[in-house]
Amino acid sequence: MKKAISILTVLFLSVGAGVAWAVDYPTKPITIFVGYSAGGATDTAARIVTNQVNKHLEQPMVVNNKPGGGSAVAADFVAKAKPDGYTLFNATITTVIQTVANPNNPFKISDFAPIVGLYNMPLVIVVKGDAKFNTIEDLIDFAKKNPNKLTVGTPGVNSVHHFGLELLKKEAGIEVNHIPFQGDAPGVVGVMGGHVDAAFLGLVAVAEHIKGGTMKGLAMTTSKRVPQFPNLPTMAEKGFPKTGNIFSWGGVFAPSGTPAAVLEKLSIAYQKAAASQEVVSQLEKVGFSATYMGAKDFDHFVKEEHKRLMEIAQSAQMIKK
Amino acid sequence: MEILDSVLHGFQIVLQPANLFYCFLGCLVGTLVGVLPGLGAPAAIALLLPGTFHMSPVSATIMLAGIYYGSMYGGSTTSILVNIPGETASVVTCLDGYKMARQGRAGPALGISAFGSFIAGTIGVFILVFLSPPLANLAIKFGPPEYFSLMILGLTILTFLTKGSMVKGLIMACLGLILGSIGTDAISGMYRFTFNQLILYDGIGLVPVTMGLFGVSEVLLQIEEGVKREIFQTSFKGLLPTFKDWMDCKWAMLRGTLIGFFLGILPGGGAVVASFASYGLEKKLSKHPEKFGTGVIEAVAGPESANNAGSTGAFIPLLTLGLPSNVATAILLGAFMIYGLQPGPLLIKNHPDVFWGVISSMYLGNVMLLILNLPLIGIWVKFLKIPYAILFPFILLFSLIGVYSLNNSVAEIVIMAGCGILGYLMKKFDYEGAPLILAMVLGPMMENALRQSLMISRGSFLIFFTRPISLILFGTAIILLLLPLLGKFRRKITMAAG
Amino acid sequence: MKRLDQKSSFFWMIVSAITVFLSSKLPFGTFANPGAGFLPFLVGVLMFLFSLILFVQSFSKGEGMVKTLLAKGGTGRVLLILLSLILYGLFLETLGFILMTFLLMGFLLLAIGKVRRSLVIFLSLVSSLGCYGVFQLWLNVQLPKGIFNF
């Protein structure tokens, strides 16, 4: 009898707790941390989505900028925050790269519970408008015949673009001279001024130059062509499936250990927000394509991404002390 | 005459009442954030950005651009009045501007920086209208080797910057280079001197260092001396520059404008280096270089013209290539995209309203800023009559808020306090802060450019001499360094002969 | 000047020696392919040399002018103010902007000069609330709220 009562009590309490969580959250404002200064692309994307999410939650969600360490300061802060659903992190592929490339990184990918995948941006392999290379095959042929001669720029060491370049080197069996610049703008100058032969750059940084003819896009690192550039081939269709599947992305992480009911509630709010046409078109304006991914898929995606980037980093010796 | 038609069209857009209002609003906010130490144009633009989404793209860009170039007007105010730079680009203005204020010439110093900024801004807009495409092409020619040579040329300025002991100036420059190398190495991705502190991964910010080294230390020194001198006791000799001041400054302003504009169009060059370069050049060309640092007006006029022209020049790569050259223009670029405008080679064709509207607004904006700033001089000077016991706590508070608001990071407040004590001791031990700041700005750019160049050339130093622009810049640097030696040599010969 | 230069140059020698030591652990690379430790190492060596020159100079051309390094009575105040700035930085996020600013301004106004008590309280209140209004409410700067949530 006693046993029965205690079992019942436990059952009742746990059910009650579950219900209470589902009902009681959120009771105060939720803060979503962005690892970059206000006004940047990541910040803008976070604000676009947050504005919409706010329509589906009882309490306001506030964007808080905590720049530093290439977004690692904010990531670390959220990883160590109380897992109650009131502290979230606007994660990007950079967060995963940091856990891969820096052996002393203070947070691990397992410190986070991915909630939703929101957008991505493909990379483009570009050359100068009047370059002798017209197709990606031209470029690879040249690199094969002249090992280490071809100079290829990226917006930075350990950027997703750098990972893309390492994938291409491996998949195409070429050796090139990697020149890391500091950001997109110097990378664009590098290509347009002929300081490097080619570059891996984000679509948004080069879109206008490809349209205006000052740059040639050779291929995109996606599996499907994008509507904006129907004539731009993808690496996947050129026979490089791995290089044809690397892009920058963004989503939302909660600290791991956040109650399932809370994650569920946030997930639903994000799903509704991501479905709104307003969010899709506004994200497009700043250069991202909206690609909604639910909690389960996103969790799987992030883990796969971590595994894959780790392999690239190890084989290309990108891990730094 | 196509250009004139376009400019007229641009004016038609700006002269619409709403756009005029937003232009004025931008200039006003820009002046105010420029005056506040630490809080600069990037923060102000980012903060006001969300409020612009419901405005028309033309009005919004006119306003945000106004904040950007307007902040360059205000930056000099606190440099001159209390020896605390409002922006990093106004560090050199402290050197002579504050001395002028000490001599009761705060009015002329503020006046000449307003006029200098106006002249630079206006000439800059003219260059922008007529020479954008060729200058954009020139900017693209600057690859890593050209940057490296340019930075070497910049470092030669160091030798003109110090007024005391050269050895001490060089020690400070070394310290600046070391501080600049803290953080993630941009070429190899390795962490340098970060001691596993996340906050150091991005390096030490220039603003907390500048605020600490100049602002906090100055307040500490004054407090230590005891606030016996309750207010500035020297009487004010006029509020506006005299005819003689104008004659002393005219070439300085023109040269500052050209240097500033040129460095402004280079992505990565920018207003900070331009202001230092102008100071160095004026000292080099001056008939009385020994007086620099004691309150000469051309040492205020040149750098202030340069940093303003630099901010105008930055619009060339932004509007014609879609390339931001500093944090503030990077945020502007983001704003353009949200408005559905794609800066780049096609902007002028696809959105002539925006392109010519913004440029014309810059011309009007400069006029507004001049009208706005001249009466303000009287008000700013009156601030010096506030007792120090009340003025100083407020200066410290605004520096704290300004530094915090950059990254919402309390670590930067601690860095500022640390640099405050460093700057305080430096003044006690007779060291100057300006070479440190210049080296901290130039160092990382120079190092990255050197390593990128050598990666491109696969180890050959010839890359710096086989490219014409790089060769010219390198040659100029060497000539500038050798000139003083040549002078000494000639004197020795004439002495030996005589 | 003489003794001051000796002290300071000695200090910079220590700083540069530490820099050289730390950067020697980073890869130096070669002149044709500089590594991460290249610039800091060379700059550290240069700085050491310059400090050494200054150290030697300070013996030879001493004019014997020794500036008073610390003015009487002022030093304690300077240290206190510096400490208050650091404490402000350390506790800003826990105690919140308004409370910390009120405390800091009150302290500074009292520490720097003779300001009437009533004026101190008035100015501290006005500055903390005024700045909160201008920066947080109008300019949307994200000032820390702290544990008391204001």
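**Helix 3 of chain B and the contacts between chains**

Visitor: How many residues of chain B are in contact with chain A?
Guide: In this predicted model, 40 residues of chain B are in contact with 44 residues of chain A; contact requires C-beta atoms, placed from the backbone, within 7 Å. Local features need pLDDT of at least 70 and side-chain atom pairs 80 or more, while totals for chains, interfaces and linings use all residues. Residues are numbered from 1 along each chain as its sequence is written, with chains lettered from A and ligands numbered from 1 in the order written.

Visitor: Which elements of chain B give two or more residues to that side?
Guide: They are helix 3, helix 14 (327-338) and helix 19 (434-456) of chain B, helices being DSSP runs of H or I with at least four residues, numbered from the N terminus.

Visitor: And how do the residues of that side divide?
Guide: The side of chain B that touches chain A has 23 nonpolar, 15 polar and two charged residues. Ala, Val, Leu, Ile, Met, Phe, Trp, Tyr, Cys and Pro count as nonpolar, Asp, Glu, Lys and Arg as charged, and the others as polar.

Visitor: Back to helix 3 of chain B: at what angle do helix 3 and helix 14 pack?
Guide: The angle is about 20 degrees, and the axes of the two helices lie 8 Å apart. Helix 3 of chain B is therefore roughly parallel to helix 14 of chain B (under 35 degrees; over 145 is roughly antiparallel).

Visitor: Which residues make the contact?
Guide: Helix 3 of chain B contributes B:A41, B:P42, B:I45 and B:A46, and helix 14 of chain B contributes B:V327, B:A328, B:I331 and B:L332. By class, eight residues of this contact are nonpolar, with no polar and no charged ones.

Visitor: What about helix 3 and helix 4 of chain B?
Guide: Helix 3 (residues 41-48) and helix 4 (residues 57-82) of chain B pack at about 160 degrees, with axes 9 Å apart. Helix 3 of chain B is therefore roughly antiparallel to helix 4 of chain B. B:A41, B:A44, B:I45 and B:L48 of helix 3 meet B:L64, B:I67, B:Y68 and B:S71 of helix 4. This contact has seven nonpolar residues, one polar and no charged.

Visitor: New topic: how many residues does the contact take from chain C and chain B?
Guide: It takes 53 residues from chain C and 48 from chain B.

Visitor: Which helix of chain C gives the most?
Guide: Helix 3 of chain C does, with 13 residues. Helices 1 (2-24), 2 (38-60), 3 (74-95), 4 (97-112) and 5 (117-138) of chain C each supply at least two residues of that side. The side of chain C that touches chain B has 35 nonpolar, 15 polar and three charged residues.

Technical notes: Axes fitted to C-alpha atoms, helices over the stretch in contact; angles between N-to-C directions. Parallel < 35°, antiparallel > 145°, perpendicular 65-115°, else oblique. Contact = placed C-beta atoms within 7 Å.
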